[in-house]
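Student: I have a structure open in front of me, and I would like to learn how to read its features one at a time. Could we begin with a single residue and work outwards from there?

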Amino acid sequence: MSIAKKSSQYSHTRWHAVSVASGIFLSRIFGVIRDSVFAFYFGNSSAADVYRAAFRIPNFLQNLFGEGVLSASFIPVYAKLMAEGNEKEADHVAGAIGTLLGLFVSIIVILGILTTPYLVYAIAPGFTGEKRALTIVLVKILFPGAGLLVFSAWCLGILNSHRKFFISYAAPVVWNISIIATLILFGRSNGEYQLAKIVAFGSVAGSALQVAIQLPMVFKLAQALHFSFDRKNHHVKTILKNFIPVFVSRGVIQISAFVDNILATLLPSGALSAFTYAQTLFTLPISLFGMSVSAAALPTMSSALGNEIDIAEKLRVRLNNGLRQIAFFIIPSAVAFIALGDVVAAAIYQRGKFTHQDSIYVWSILAGAAVGLLASTLSRLYSSTYYALRDTRTPFYYATIRVFLTIILAYGASQYLPALLHINSRWGVAGISAASGFCGWIEFILLRTQLNKRIGKTGINLSFTLSLWSAAIVGAALAWIVKLQVTHWNPLSQAIVILGVYGTIYFAICYVLWHKKLTIKIL
């Protein structure tokens with residue numbers, strides 16, 4: 001491949017990553033606004049715990065059948081058919097997968113609604129009385145919305161394969177707007193428990209809007225699309241075969257998430273809602289930078305043609321470039337969560353019923369999650385590389401190992417570590433996030449080691465990584481000095497100044513280090 005052609009290809013991939021990042025940025029910003037409004041009306045109350053727990057069950061369905069699973073199994077096959085010019089067959093396959101997915105998810109939604117009381121025992125064993133009763137009601141309301149979001153992931157798979165990234169990743173904006181509007185319209189006139197029910201209906205309405213906004217573009221791009229139960233098609237069989245290990249892998253990961261929730265419900269009231277508030281923040285950089293690079297890279301890597309050596313070279317170059325891009329943004333994010341997490345949490349949530357002490361509580365969880373933030377984000381791109389190689393089993397095996405270790409460590413950290421440290425048991429929730437972060441590094445090392453054996457050496461240069469950490473630490477130290485001078489300002493003003501100083505110093509140091517040589521290409 002000529003240098004000019006390579007340059008053009010990488011330029012297109014970077015712009016695709018920008019499209020993904022832009023869509024995710026809008027979605028996540030509205031997600032943060034949604035949580036901020038939610039915190040205003042619910043704080044860290046019992047009702048907040050209930051809503052967060054209830055949402056986990058239908059969210060389990062969405063994660064099992066949604067974006068991650070379809071991206072790993074559907075996009076590689078669909079994108080390759082498109083690259084080979086076989087668009088009619090690609091659309092036929094998409095229609096068959098959509099039909100089979102719709103049938104299976106519909107059955108699961110119905111069964112889920114019927115068995116909700118038993119499911120609630122599994123996810124919230126610490127909930128009793130009125131708290132448990134409300135959880136059951138909310139789960140039944142939310143289940144159909146989760147089914148709709150699975151179809152949103154199917155739309156995303158088609159749009160991404162056609163390199164139409166922005167609309168699919170920006171679509172959740174309408175879901176967030178629906179919930180925000182519901183909170184604002186009904187928040188002041190209803191009690192917390194009644195408001196939780198109303199917000200659940202607002203979530204379902206938002207799910208329908210999220211699908212509806214993508215369908216016109218899907219039908220425009222996939223003009224030969226028609227729905228059928230064609231299970232005998234070779235490509236459909238390949239997708240279903242790849243779907244199973246990814247499905248099981250996501251199931252294992254979701255079990256880990258459920259265990260985290262269960263452990264949080266066993267801690268004092270407010271632990272689960274605080275964990276969810278923190279999760280919104282620490283998944284923001286993962287989504288913005290990890291998901292954007294990985295999502296843009298997957299169709300490109302899946303479309304790579306040539307012999308085994310040529311494909312390995314293309315994957316290696318694309319992977320290493322993506323790893324540098326991710327590290328450039330994730331490392332300062334991790335340092336910010338550790339050093340300035342209270343500033344971040346206060347700026348987003350500290351108003352209404354959400355207090356300064358709640359911000360400190362969320363900060364502890366953010367700091368724990370920051371331990372494995374870089375590893376978790378880089379692992380996404382490594383997993384996408386495996387998926388491009390049509391290998392869905394290896395990421396599954398390593399995800400299983402990570403989850404198994406996380407469950408053991410999270411249980412010990414949440415249930416026993418506070419007592420050993422002679423602190424309140426409520427701080428055990430920070431141990432849950434720290435345990436998950438530590439085990440993320442184990443998964444990352446396993447993924448990288450095995451892939452290096454297949455396509456050659458991959459990874460980020462050590463000196464480059466150390467320079468990023470150094471720049472971030474210097475920036476955080478100077479930002480702390482500023483923080484001490486503005487302690488009496490309101491939280492939002494503090495965040496603008498403190499984080500502004502931090503970001504400016506970080507980027508300035510990086511510019512000084514690299515302005516003479518293009519070591520990194522920022523998205």
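Tutor: Let us start with H422, which counts as exposed because its relative accessibility is 74% and the cut-off for exposed is over 50%. Please keep in mind throughout that this is a predicted model.

Student: Where does H422 lie, and what is its phi near?

Tutor: H422 sits in the loop that runs between helix 17 (417-421) and helix 18 (428-455). Its phi is near 60°, which is a positive value in a residue other than glycine.

Student: What does helix 18 look like from end to end, and which residue comes just after helix 18?

Tutor: Helix 18 has 28 residues and reaches 41 Å from its first C-alpha to its last, close to the 40 Å expected at 1.5 Å a residue. Just after helix 18 comes G456, with a positive phi of about 105°.

Student: How should I think about the side chains along a helix?

Tutor: As a general idea, an α-helix has 3.6 residues a turn, so residues three or four places apart point the same way. In this structure, helix 6 (residues 129-161) has 33 residues and reaches 48 Å from its first C-alpha to its last, close to the 48 Å expected at 1.5 Å a residue.

Student: Where does helix 6 bend, and by about how much?

Tutor: Helix 6 bends by about 30° at L142, and a proline, P144, follows within four residues. Beyond the end of helix 6 comes R163, whose phi is positive, near 65°.

Student: Is helix 6 largely enclosed or open?

Tutor: Of the 33 residues of helix 6, 25 are buried, so helix 6 is largely enclosed by the rest of the structure. One residue to look at is C155, which is buried because its relative accessible area is 0%, and C439 likewise counts as buried at 0% relative accessibility.

Student: How many disulfides does a search of the whole structure find?

Tutor: In general, a disulfide is a covalent bond between the sulfur atoms of two cysteines. Here, a search of the whole structure finds 0 disulfides.

Student: What lines the largest pocket, and which helix gives the most to its lining?

Tutor: The largest pocket holds about 730 Å³ of space, and 23 residues line it, with L284, S333, A336, V344 and L499 lying nearest its centre. Helix 13 gives the most to this lining, with 9 residues. By class, the lining has 21 nonpolar, 2 polar and no charged residues.

Notes. Residues are numbered from 1 along each chain as its sequence is written. This is a predicted model: local features need pLDDT of at least 70, side-chain atom pairs count only at pLDDT 80 or more; totals for chains, interfaces and linings use all residues. Side-chain values use heavy atoms; hydrogens and water are left out. On a 1 Å grid over the protein atoms alone, a cavity is a set of points where a 1.4 Å probe fits but cannot get out, and a pocket is an open set with protein on both sides within 12 Å along at least five of seven lines; lining residues have an atom within 4 Å of a point. Grid points are joined across faces, edges and corners, and a volume is the space filled by probe spheres set on the points. Helices (H or I, at least four residues) and strands (E, at least two) are DSSP runs, numbered from the N terminus. Ala, Val, Leu, Ile, Met, Phe, Trp, Tyr, Cys and Pro count as nonpolar, Asp, Glu, Lys and Arg as charged, and the others, Gly among them, as polar. A disulfide is a pair of cysteine sulfur atoms within 2.5 Å. Buried means under 20% relative accessible area, exposed over 50%, partly exposed in between (1.4 Å probe, protein chains only). The expected span of a helix is 1.5 Å times one less than its number of residues. The bend at a residue is the angle between axes fitted to the seven residues ending there and the seven starting there.
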